[in-house]
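Colleague: I would like to learn how to read a fold step by step. Could you walk me through one?

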Amino acid sequence: MNAANCALANGLVSAAYIQQGQQALTARCNLVKSLLSQRKLPADGWDDATIEMLLQDAASMDSNNFLNNIGVGEREARVASDLVARRHYRLAHGMGRSGDVAAEQPKAAGSSMLVKLTNILTQHALQLAGMLDVKAITVLPVATGMAITLTLLAMKAARPLTAKYVLWPRIDQKTCLKAITSAGLQPVVVENLLVGDQLTTDLEALKNQVDKLGAESIVCVLTTSSCFAPRGADKLVDIAKLCSSVGVGHVINNAYGIQSAALCKLITSAWRKGRVDAVVQSTDKNFMVPVGGAVIAAGPRTPSLIEAINRTYPGRASMSPLLDLLITLLHWGQNGWQQVLQERENLYVYTREQLELVAAELQERLLQTPDNPISLGFTLSNLHLTADKAGQTDAQTKHVSFLGSMLFKRCVSGTRVIARGTKQDVAGIGFTGFGAHCDAYPCDYLTVAAALGTSKADVLSFLSKLKQCYSALREQQ
C-alpha cells in the first residue's frame, strides 16, 4: 500500500483511520529507507513484520515472482513445494553467477540486494565486536572448514608453483587439517610449547620451519585464535610480523572468536603490525544461526583476496545461510548485538568463578589458560583407575572418557573429556594425545565453553550434573 493506494482507500474506510494506517506503513518503510541509505545495522532491532516486509519486497523483485514471467530456461527458480517456497520467502535464485559467487544476478535483483546487504551489515557487526580495519568481507554458504579451503586455494593460485606447504601450529581439530589437504596442500605440524597449564605457539620452531622449507615453498601459516583449552590463541602479532618479514601468507582460523572482544582486539593488532591475509569464522557459532555459513574477512593489506576467493568458488550458491544471518542481524540491531556480546563476556567470568568453586569441592582445579577467553579446562586428576607400572592403562582411559558419556546421557552437550594417550590419524598424519594439542599433556581434563547464547542457568545445571557424575565415577574406583 503506497500513498496513492491509501488515498483511494479513503472511500472504503474513514479517512482518519486510513491516515493512521498509512502512518504505520510509512514508519516501516522509513526503517527500510534508513537501512538502504545508511548501510549499517539499525540502532534497534526490527520486529518480525518489518523484516518479512523487506524479504517479501525483495522476493517480488526476482523474476520467478514476476506476475507475468515466462521462464523457458533450465534454471528459473522453480519450486515444486509451496512449503519449500515459503520456507525460503520465495527467494529461489540463490546467489552469484558461474564465474563469481558474489556477482549480481540479472534475474534476481532482490536476492542480489539482500546478499550485498548481508555482507555490509556483517562487516559492521565485526566492527562493533571490536575487529577494526576490516576492508573487505564475504559471507559464503559453507562452514568454516570449506571456507578455509577456498581461502587456501585462492592464495595458492597467487604463489609460485613450488609453493605447497601450510605451516600449522598444532590445534587438535580435524577440520583444519582436512581443509589444508582438500586444497591439495601439505600441512607441516608445528608442535606447541607448554607454559604452565597453557599450550602456546613455539615461535622458534615456526621460524625454523620457514628457514628449512624456504619461503617460496610455503603458501601460508594457518594460525588459530579461538580453540579448546588448554590451548591458548596463537601469538598472532608475532606470527604476523614473521610472515610480513619473510613474504609468507597468513590465515587465521577464528572459528568462534567474533564473540570475544579480546580475540577481535588481537586480530586487529596482528594485521596492523604485520601480515594477515584473511580471517575465517563461522556464522552459527558467532551469530546463533543454523550451521552452513562462514565469514571471511580481509584487513587493510589484502582486500583483493576476497575477490579472488569469490571467483574461486565454483558456480552459484544457496543464499539460505546469508538470509539467516541477515534476519538475525536485523532482529538484534546494534544494541541487541552489543548486548549479547556483553552478556557472553559476563558469562565467561561467571563460569570461571563457578568452575573454580566446584573444582575446589572435588579436589580438582581449573586450568590456567589466560590466552583463551572462551574455553575453560577442568582437571580430572583424581578420576582414574590404578595404572600398571608402564603407566596409564586402556581401562583408565575408558574410565575417564566415560564421564563425557554420562554427561551426554543427562542432556549435557558440548563438553569435551580428554584422556591422555589417545592416538588418532587425521589426513594421513598420526597424532599422540589427540585432543590435547600435544603428545603428553600432564593430566586428563574436561573442557566447557562460555559461548554466545549460554545462560547462567545452563552453567548451574551443568555443574550440578558434573558433580553427580564425577561422584558416581569416584565411587566405582
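Modeller: We will go through the sheet, the ring contacts and the charged pairs in turn. Keep in mind that this is a predicted model.

Colleague: Let's start with the sheet. In what order do the seven strands of the open sheet lie?

Modeller: Reading across the sheet, the order is β1-β9-β8-β7-β6-β2-β3, and the pairing is mixed. The strands at the two edges are β1 (136-140) and β3 (186-190); each has a single partner strand, so one side of each is left without a neighbour in the sheet. On average, neighbouring strands here are turned by 20° against each other, direction ignored.

Colleague: Which strand is a good one to follow through its neighbours?

Modeller: Try β7, residues 249-253. Five of its five residues are buried. Split them by face and you find G249, V251 and N253 on one side, with H250 and I252 on the other, all buried.

Colleague: How many bridges join β6 to β7, and do the two run parallel or antiparallel?

Modeller: Five bridges join β6 (residues 218-224) to β7, and the strands run parallel. To find the register, look at C220, which stands opposite G249 in β7. The connection goes by way of helix α9 (residues 236-246), and β6, α9 and β7 together make a right-handed β-α-β unit.

Colleague: And what about β7 and β8?

Modeller: That pairing is parallel too, over three bridges. V251 has A278 in β8 as its bridge partner. From β7 the chain crosses through helix α10 (residues 261-273) to β8, in a right-handed β-α-β crossover.

Colleague: Where does the mixed character of the pairing show up?

Modeller: Look at β8 (residues 278-282) and β9 (residues 294-298), which run antiparallel and are joined by four bridges. In that pair, V279 stands opposite A297 in β9.

Colleague: Now the rings. How many aromatic pairs does a search of the whole structure find?

Modeller: The search finds five. For each pair, read the distance between ring centres and then the angle between planes. For W168 and F431 the centres are 6.3 Å apart and the planes at 75°, so the pair is edge-to-face. This pair links distant parts of the chain: W168 is in strand β2 (residues 165-169) and F431 in strand β13 (residues 429-432), 263 residues apart. Both W168 and F431 are buried.

Colleague: Is the pair of F287 and W337 stacked or edge-to-face?

Modeller: F287 and W337 are stacked, at 5.0 Å centre to centre with 25° between the planes. F287 belongs to helix α11 (residues 283-287) and W337 to helix α13 (residues 320-361), so the contact ties together parts that are 50 residues apart in sequence. F287 and W337 are both buried.

Colleague: Which residues do ring pairs link into a cluster?

Modeller: The cluster holds W168, F431 and F434. Rings can also have a charged group over the face: R416 lies over F228, at 3.8 Å from the ring centre. Likewise K456 lies over the face of Y350, at 4.9 Å from the ring centre.

Colleague: That brings us to charged pairs. What is the general idea?

Modeller: Side chains of opposite charge can pair when their charged atoms come close. In this model the count comes to 18 salt bridges. One of them is between E76 and K107, at 3.3 Å from N to O. E76 is in the loop between α3 (48-60) and α4 (82-87), and K107 in the loop between α4 and α5 (109-129), so this bridge ties together parts that are 31 residues apart in sequence.

Colleague: Are E76 and K107 buried or exposed?

Modeller: E76 has a relative accessible area of 13% and is buried, whereas K107, at 30%, counts as partly exposed.

Colleague: Which residues are linked in a network of salt bridges?

Modeller: The network links R170, D172, E191 and D439. Within it, the closest N and O atoms of D172 and R170 are 2.7 Å apart. D172 is buried at 3% relative accessibility, and R170 is buried at 0%.

Colleague: Can you give me one last case?

Modeller: Look at R365 and D197, whose side chains meet in a salt bridge of 2.7 Å, N to O. R365 is partly exposed, with a relative accessible area of 40%, while D197, at 13%, counts as buried.

Terms used. Residues are numbered from 1 along each chain as its sequence is written. This is a predicted model: local features need pLDDT of at least 70, side-chain atom pairs count only at pLDDT 80 or more; totals for chains, interfaces and linings use all residues. Side-chain values use heavy atoms; hydrogens and water are left out. Two strands pair if DSSP finds at least two bridges between them. Axes are lines fitted to C-alpha atoms, for helices over the stretch in contact, and angles run from 0 to 180 degrees between N-to-C directions. Rings of Phe, Tyr and Trp (its six-membered ring) pair if their centres lie within 6.5 Å; planes under 30 degrees apart count as stacked, over 60 as edge-to-face and the rest as tilted. Buried means under 20% relative accessible area, exposed over 50%, partly exposed in between (1.4 Å probe, protein chains only). A charge sits over a ring if NZ of Lys or CZ of Arg is within 6 Å of the ring centre and within 35 degrees of the ring normal. A salt bridge is a side-chain nitrogen of Lys or Arg within 4 Å of a carboxyl oxygen of Asp or Glu. A crossover is right-handed if, with the strands pointing away from the viewer, the path from the first strand over the helix to the second runs clockwise.
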